[in-house]
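Q: Please take a close look at the second chain of this model, at its sheet and at the side that it turns to its partner, and then set that part beside the backbone details found elsewhere.

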Amino acid sequence: MGIQGLERIVMEHPFFAGLDEGLRALVSGCASNARFEPDQYLLREGEPADQFYLLRQGRVALGIRAPARGELVFQTVAEGDVVGVSWLIPPYRWASDARALDVVHAIAIDAACLRRKCEEDHDFGYAMMQCFLPTLIQRLHAARLQILDVYGTPA
Amino acid sequence: MVPRVVRVSRRAPDAPQVWTLELETEAPELDAFAPGQFNMLTVFGVGEVPISVSGNPAAPERLAHTIRAVGPVSTALVGLKPGDPLGLRGPFGRGWPMDAAEGRDLVIVAGGLGLAPLRPVLYQVVAQRARFGRLVLLYGTRSPDDILFRSEIEGWRSRLDLDIDITVDHASPSWRGHVGVVTKLIAGAAFDMSRTVAFVCGPEVMMRFAVAALRDAGVADGAIHLSMERNMKCAVGFCGHCQLGPAFVCRDGPVFRYDQVRDLFGVKEL
């Protein structure tokens, strides 16, 4: 896929919809195309957070492995979502696994490249925070509701 | 106020601690109900509880109630066998406004056992499909094992004129469906807000966030309907146990239009 094609895809991805065109071009400079087969891992817990993904097609299961219990899936994400947020904060390691449930087409973003650009251009860095914070807050709220086990037997 | 004696005709498990009892009565002409209504069921010598009717309104002779064993009465209810007697009063309450949904798209958001009072809606819409627009069912529950009415949902899913999405709070690797809160499905569901009516039932925490997501998606307050639950005792608007602000859930509900209860939602004393 040519650079222009990739730039267009990043421009059109809903995750960066509110971002200024010039800033989206900065993101696409760190982007490449990616594809995963079902059950292939996009990232693994504990590994360096080098690359995160903008999903274009297919679903991904986010989970944590537990002894004798296998993989415990706590969320699925799909087209329009982002996989991988721990690239934002030290120690830049993934906190969970991300496994493709279907054939997944994604835009891979070089996290080290993007972190460098955020350091060089703080306006860009602030814009990145504005893109990621809503996702983080939504996932925090969802996690709280799931922990509360609202569907469980009332006390 | 006096229960009539009916008998269990069928008992089937639905999920862990959840059973559906079908009742046979000697006066089937009294069994007709509207989707969303409830009956008061008595286990003699134990007590009486309100249970939503979960069966097909077009087949009231199979008067179904889906019950989770929580307290002594519900535990005794799910322990009844075919042929066992129990008491029945009802049906009571204001049900789902099916007339308001006619000719419009209908989004049903159900959480956990909240799918039970909505199942009669699904039966009615499927039976009278041409009278309604798009039908979208968004169902959230604890885990795949807790999915209610699984074979029926699979059957409805195979239809081309229904959209059904299910999500669970947690799952093992063998589950290939959605994992996460049901409110996330609302944002992803494609429906025309201007012609949508929403029916919501589930734990009140879930309903609060589901309503917020529906409103964010552009559904009007007057087009959102909720089934509220409070501690109902008399079921006829006398005792006041189920009072929700100025309303009695047993008599004025359990289904309310959201704009009628919007200001009460945030009052924690209620």
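A: A residue is called buried here if 20 or more other C-beta atoms lie within 10 Å of its own, with C-beta atoms placed from the backbone. By that criterion, buried residues make up 46% of the 270 residues in chain B of this predicted model.

The chain as a whole comes before its parts. Chain B contains 8 helices and 15 strands, and its radius of gyration is 18 Å, close to the 18 Å that the globule rule gives for 270 residues, so chain B is as compact as a globular protein of that length. Taken along the principal axes, the box filled by the C-alpha atoms of chain B is roughly 50 × 45 × 35 Å. Of the contacts in chain B with a separation of 6 or more, 72% are between residues 24 or more positions apart.

Within this chain, an open sheet of 7 strands follows the order 10-9-8-7-11-12-15, and its pairing is mixed. Its edges are formed by strand 10 and by strand 15 (255–257) of chain B, each of which pairs on one side only. Further in, strand 7 (residues 105–111) and strand 8 (residues 135–141) of chain B run parallel and are joined by 6 bridges; in this pair, B:Ile108 has B:Leu137 of strand 8 as its bridge partner. Helix 6 of chain B packs on the sheet, where it touches strand 7, strand 8, strand 11 (196–201) and strand 12 (224–227) of chain B, and the direction of the helix makes about 165° with that of strand 11.

The contact between the chains brings two of these elements back into view. It takes 23 residues from chain B and 19 residues from chain A. On the side of chain B that touches chain A, strand 10 (178–179) and helix 6 (204–216) of chain B each supply at least two residues, and helix 6 gives the most, with 3 residues. Strand 10 of chain B is thus named both as an edge strand of the sheet and as a supplier of residues to the contact. The residues on this side of chain B divide into 10 nonpolar, 8 polar and 5 charged.

Chain B also has a cis peptide bond, which joins B:Gly90 and B:Pro91 with omega of about 10°; B:Pro91 lies in strand 6 (residues 85–92) of chain B. In chain A, a cis peptide bond joins A:Pro90 and A:Pro91, with omega of about 5°, and A:Pro91 is found in the loop between strand 6 (82–83) and strand 7 (97–100) of chain A. That loop also holds A:Tyr92, which has a positive phi of about 55° although it is not a glycine; with 14 other C-beta atoms within 10 Å, A:Tyr92 is partly exposed. A:Asp149, in the segment after helix 4 (122–148) of chain A, likewise has a positive phi, near 50°, in a residue other than glycine, and it counts as partly exposed with 13 C-beta neighbours inside 10 Å.

As to confidence, the mean pLDDT of chain A is 91, and 96% of its residues reach 70 or more. Among the elements of chain A, the lowest mean pLDDT (80) belongs to helix 1 (residues 3–12) and the highest (97) to strand 2 (residues 41–43).

Definitions and conventions: Residues are numbered from 1 along each chain as its sequence is written. Chains are lettered from A and ligands numbered from 1 in the order in which they are written. This is a predicted model: local features need pLDDT of at least 70, side-chain atom pairs count only at pLDDT 80 or more; totals for chains, interfaces and linings use all residues. pLDDT is the predictor's confidence in each residue, from 0 to 100. Helices (H or I, at least four residues) and strands (E, at least two) are DSSP runs, numbered from the N terminus. Two residues are in contact if their C-beta atoms, placed from the backbone, lie within 7 Å. Ala, Val, Leu, Ile, Met, Phe, Trp, Tyr, Cys and Pro count as nonpolar, Asp, Glu, Lys and Arg as charged, and the others, Gly among them, as polar. A residue is buried if 20 or more other C-beta atoms lie within 10 Å of its own, exposed if 12 or fewer, and partly exposed in between; C-beta atoms are placed from the backbone. Two strands pair if DSSP finds at least two bridges between them. Axes are lines fitted to C-alpha atoms, for helices over the stretch in contact, and angles run from 0 to 180 degrees between N-to-C directions. The radius of gyration is taken over C-alpha atoms; the globule rule is 2.2 Å times the number of residues to the power 0.38.
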